[in-house]
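Subject: Structure for your review

Dear colleague,

Please find below the structure that I am handing over to you. My account of what was found in it follows directly after.

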Amino acid sequence: MPASPELSKNRTILAAAALLLCGCEGVQSALEPAGPHAASIARIWWAMFWGACAVLLLVTSLALYAFIRSPQRRERTRPDRIILAGGVALPVVTLTALLAYGVHAMASLRTLAEDAIEIEVVGNRWWWDVHYLGEDGEVIRTANEIRVPAGRAVLLSLRSNDVIHSFWVPSLAGKMDLIPGRTNRLIIQADRPGVYRGQCAEYCGAQHARMGMHVIAERPADFSVWLDRQRAPATVPGDESMLRGRQAFVQRCAGCHTVRGTSEARSAGPDLTHLASREFIGAGTLPNNRENLLAFIARTQELKPGSAMPSQGDLDPVALESIVAYLESLH
Ligand code: CUA
């Protein structure tokens, strides 16, 4: 049934309001930089914006002047001079200055501090596999949330397991593609603790919009505590019902998901060893809580259609509840 004109008008107003409010929230904006690299990009943006304003003002003033000046003066104008000044000299000077500024800013984006930590991020349809690298290889593996120490540079090695994705956390750095068969590098840095939302910025299929991620910057001491906790394998639950949850998890989920200390390493789905320490599930799709976990496991294909994980709606409710209780214990 077609919507009434009143209803569709209300919908339009609602959609416009939602868009405006999104803009006000202050997240995912390249114009709200929280680190040196993003700040440098924001400066280029503002330089181009004010430069464009100046050019617009100049051109508009000249056009108005051409209209209002007297016919006698118009006769005396040399068009070749105007073309040389406005069509050649001005663009050459402006674009050369902008190019020099851009090249200088880009070089600063590639300079890596000596104490930088290295993290590998692998794009999958539609989630982010995150590996923290130490001197002797992988230290920990997590997904969709990247914790970093505030004030320290982080070198991201970006790869893809399937199609082209793009890593973009606007408050921290520019975009960088994840391309199958090659490794790209991106440096991010957050100056202060906070949660910075990011998003896959290259269309990669049905759930591209739900391929979000969060960078959580913490004080260095808190980051070390977090890292130590993540290094540890999952604790083995003490009570009987939780053990049943663990068993049900191994039977149903361990073919794709790893819980270190519980099941063999698998990489088809996100590592869940410390799932309860994450803020979101489904790559930024839903806040991590009991209701959402229950819903996401039972109705995966409704909440994230096309994702590799089948809905587990056929699980008996007791087993489902016990799996969720077990997952919630994985701090
Ligand atoms: Cu991954 Cu879009």
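**Findings: the sheet**

Strand E6, residues 165-168, and strand E9 run antiparallel and are joined by two bridges. Within this pairing, Trp 168 of E6 has Gln 199 in E9 opposite it. Please bear in mind throughout that the model is predicted.

These two strands belong to an open sheet of five strands, whose order is E4-E10-E9-E6-E7 and whose pairing is mixed. At its edges lie strand E4 (145-149) and strand E7 (176-178), each of which pairs on one side only. On average, neighbouring strands of the sheet are turned by 25 degrees against each other, direction ignored.

The word "mixed" can be followed on strand E10, which has a partner on each side in the strand order. With strand E9 (residues 194-200), strand E10 (residues 212-218) runs antiparallel, and six bridges join the two. Tyr 196 has Val 215 in E10 as its bridge partner, and Gly 198 stands opposite Met 213 in E10. With E4, by contrast, E10 runs parallel, and five bridges join this pair. Here Val 148 has Ala 217 in E10 as its bridge partner.

Is E10 mostly covered or exposed? E10 is mostly covered, since seven of its seven residues are buried. In a regular strand, side chains alternate between the two faces of the sheet. In E10, Gly 212, His 214, Ile 216 and Glu 218 point one way, while Met 213, Val 215 and Ala 217 point the other way; all are buried.

Helix H5 (residues 220-231) packs on the sheet and touches E4 and E10. The direction of H5 makes about 135 degrees with that of E4.

**Findings: the helices**

Helix H2 covers residues 36-68, which is 33 residues. At 1.5 Å a residue, H2 should span 48 Å, and this agrees with its end C-alpha atoms, which are 48 Å apart.

How are H2 and H4 placed relative to each other? The axes of H2 and H4 come within 9 Å and cross at roughly 170 degrees. Angles over 145 degrees count as roughly antiparallel, and H2 and H4 are therefore roughly antiparallel to each other. On the H2 side, the contact is made by His 37, Ser 40, Ile 41, Arg 43, Ile 44, Ala 47, Met 48 and Leu 58. On the H4 side, the residues involved are Leu 90, Leu 98, Tyr 101, Gly 102, Ala 105, Ser 108 and Leu 109.

The buried residues of H2 are His 37, Ala 38, Ser 40 and Ala 42. They pack against helix H4 (79-110) and strand E8 (184-188). His 37, which lies in helix H2, may serve as an example. Its relative accessible area is 7%; buried means under 20%, so His 37 is buried. Leaving aside residues up to four places away in sequence, His 37 touches Ser 108, Leu 109, Thr 111, Leu 172, Ile 187 and Gln 189.

A second pair of helices is arranged in another manner. The axes of helix H6 (residues 240-252) and helix H9 (residues 317-328) come within 7 Å and cross at roughly 100 degrees. That makes H6 roughly perpendicular to H9, as angles of 65 to 115 degrees count as such. From H6, the residues that meet H9 are Ser 241, Met 242, Arg 244, Gly 245, Arg 246, Ala 248, Phe 249 and Arg 252. Their counterparts in H9 are Ser 322, Ile 323, Ala 325, Tyr 326 and Leu 327.

**Findings: the cysteines**

How many disulfides are there? With a cut-off of 2.5 Å between cysteine sulfur atoms, the count comes to zero disulfides. Cys 253 is in no disulfide, and the nearest cysteine sulfur, that of Cys 256, is 8.8 Å away. Cys 253 is buried, with a relative accessible area of 16%. Cys 53, in turn, is partly exposed, with a relative accessible area of 30%.

Yours sincerely,
A colleague

Definitions and conventions
Residues numbered from 1 in each chain as written. Predicted model: local features only at pLDDT ≥ 70, side-chain atom pairs only at ≥ 80, totals over all residues. Heavy atoms only, no water. Pairing = 2+ DSSP bridges. Helix = DSSP H or I, 4+ residues; strand = E, 2+ residues; numbered from the N terminus. Axes fitted to C-alpha atoms, helices over the stretch in contact; angles between N-to-C directions. Contact = heavy atoms within 4.5 Å. Buried < 20%, exposed > 50% of the residue type's maximum accessible area, 1.4 Å probe, protein only. Expected span 1.5 Å × (residues − 1). Parallel < 35°, antiparallel > 145°, perpendicular 65-115°, else oblique.
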